[in-house]
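Let's take a walk through this model together, from a single side chain out to the whole fold. Keep the viewer open as you read.

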Amino acid sequence: VELERDLRAAVGSTEFALFYQPKMRRDGSIAGFEALIRWNRPGVGMVAPDNFIPLAEQLGLLLHLGRWVIEQACRQIAAWRDAGLGTIPIAVNLSTSQLTSAALPDYVFDLMREHRIEAGCLEMELTESMMMSDPDLAIAILHRLRGGGVALSIDDFGTGFSSMSYLRQLPVNYLKLDRSFVQNCAVDPKDADLCAGIMALAHKLDMHVVAEGVETAEQHRTLTDCDCDLFQGFLFSRPMSARAATEFLQSRH
Ligand code: G
Ligand code: G
Ligand code: MN
Ligand code: NA
């Protein structure tokens with residue numbers, strides 16, 4: 001009950017922040033960042049999204065909060081561009097309510113225009129389970145977003161309700177290989193084979209693969225051997241504040 005009260009009060013306040021985790025290319029350069037929301041709850045401290053996103057969705061607050069996330073990401077892309085650090089893509093995580101909101105593409109395009117975001121620079125991550133409540137609407141929204149220059153990723157790929165028939169209908173650029181496959185790929189040859197198979201499937205469909213939760217050099221090497229395109233995880237960096245992410249970019253510029 002207190003959580004609900006505090007969360008309602010927090011929306012529209014300055015208590016939220018985006019943290020950024022880099023996605024690395026095979027050559028070690030930075031391909032972009034994933035934006036991950038944090039809530040600095042008064043008297044409590046930093047709250048991780050798993051502890052408030054489901055409630056925010058239930059309370060109907062997530063459309064508003066999700067819009068703030070997209071706007072904040074656009075501002076950060078513009079800030080890095082204007083600081084001479086280049087066009088650095090940022091991926092935001094979508095929620096079910098956004099994927100059932102026909103108004104989403106237009107307000108995303110308005111924000112992209114306002115902040116002069118180039119095509120391909122704003123990315124959106126969604127899980128296949130988010131599409132379940134209204135698949136036709138979700139697919140239509142995704143096609144509009146993609147047509148307007150938003151890059152799309154399937155998050156947590158391989159878990160939940162993966163459906164190969166959807167995969168063909170979705171205008172998706174990236175598959176994000178779930179952390180659970182990455183964890184075992186360096187120790188279990190069967191998991192490495194599975195990863196290699198997913199990479200081959202993705203590449204056949206003209207998609208790139210991002211490995212999530214890469215924590216060890218062995219996992220990195222195994223995934224590289226499997227032809228993985230991008231790597232994200234604690235091996236490279238934890239999610240960090242905007243300031244720390246800027247320093248991370250500058251140190252590799
Ligand atoms: O930040 P962390 O690594 O703890 O993220 C936990 C989960 O919260 C992930 O599944 C991530 O997709 C989700 N998440 C993080 N930021 C956002 C956000 O801005 N919006 C939504 N809907 N989910 C988010
Ligand atoms: O579901 P999604 O992929 O959006 O979730 C990202 C979550 O994964 C965040 O909570 C982030 O903190 C976490 N994460 C990122 N890198 C690693 C990692 O290398 N290991 C583990 N265990 N978690 C990670
Ligand atoms: Mn994600
Ligand atoms: Na994930």
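## Starting at M131

M131 has 24 C-beta neighbours inside 10 Å, so this residue counts as buried. Do keep in mind that the model is a predicted one. M131 is located in the loop between β5 and α6. Setting aside residues up to four places away in sequence, M131 touches L99, A138 and Y166. If you would like a landmark for distance, try I53: the two residues are 78 apart along the chain, and their C-alpha atoms are separated by 17 Å.

## The two faces of α5

Helix α5 spans residues 104-114, and its residues L104, V108 and M112 are buried. Viewed down the axis of α5, the buried residues fall within an arc of 65 degrees, so they line one face of the helix. The general background is helpful here: an α-helix has 3.6 residues a turn, so residues three or four places apart point the same way.

What covers that buried face? The elements over the buried residues of α5 include α3, α4 (96-99), β5 (122-126) and α6 (135-147). On the other side of α5, you will find D106, D110, R113 and E114 exposed. Just after the helix comes R116, with a positive phi of about 50 degrees.

## The nonpolar core

The largest nonpolar core has 70 residues, and A73 and L177 touch the most other members. Helix α3 supplies the largest share of this core, with eight residues.

L177 is a good residue to centre on. Not counting residues up to four places away in sequence, L177 touches F157, G158, V182, C195, I198, V209, V210, A211 and E212.

## F181 in helix α8

F181 sits in helix α8, which covers residues 179-185. Is F181 buried or exposed? With 22 C-beta neighbours inside 10 Å, F181 counts as buried. Leaving aside neighbours within four places in sequence, F181 is in contact with G158, D191, L194 and C195. G158 and C195 are also among the residues that L177 touches. For another distance to check in your viewer, the C-alpha atoms of F181 and D50 are separated by 21 Å, with their positions 131 residues apart along the chain.

## Around the two ligands

Which residues are around ligand 1? They are L36, I37, A48, P49, D50, I53, G66, V69, V92, N93, S95 and P239. The elements giving two or more residues to this shell are β2 (30-41), α3 (62-82) and β4 (90-93). By class, the shell around ligand 1 has eight nonpolar, three polar and one charged residues.

Ligand 2 is surrounded by 13 residues, of which the closest are G213, E215, G233, F234 and P239. The shell around ligand 2 divides into four nonpolar, four polar and five charged residues. P239 is listed around ligand 1 and is also one of the closest residues to ligand 2.

## Stepping back to the whole chain

The chain holds 11 helices and nine strands. Its C-alpha atoms fill a box of roughly 50 × 45 × 40 Å, taken along the principal axes. A compact globule of 253 residues would have a radius of gyration near 18 Å, and the chain has 18 Å, which agrees.

Of the 253 residues, 38% count as buried. Among contacts between residues at least 6 apart in sequence, 65% join residues at least 24 apart.

How values were computed. Residues are numbered from 1 along each chain as its sequence is written. Chains are lettered from A and ligands numbered from 1 in the order in which they are written. This is a predicted model: local features need pLDDT of at least 70, side-chain atom pairs count only at pLDDT 80 or more; totals for chains, interfaces and linings use all residues. A residue is near a molecule or strand if its C-beta atom, placed from the backbone, lies within 6 Å of it. Helices (H or I, at least four residues) and strands (E, at least two) are DSSP runs, numbered from the N terminus. Ala, Val, Leu, Ile, Met, Phe, Trp, Tyr, Cys and Pro count as nonpolar, Asp, Glu, Lys and Arg as charged, and the others, Gly among them, as polar. A residue is buried if 20 or more other C-beta atoms lie within 10 Å of its own, exposed if 12 or fewer, and partly exposed in between; C-beta atoms are placed from the backbone. The arc is that of the directions from the helix axis to the C-beta atoms. Two residues are in contact if their C-beta atoms, placed from the backbone, lie within 7 Å. A nonpolar core is a set of buried Ala, Val, Leu, Ile, Met, Phe, Trp, Tyr and Cys residues joined through C-beta atoms within 7 Å. The radius of gyration is taken over C-alpha atoms; the globule rule is 2.2 Å times the number of residues to the power 0.38.
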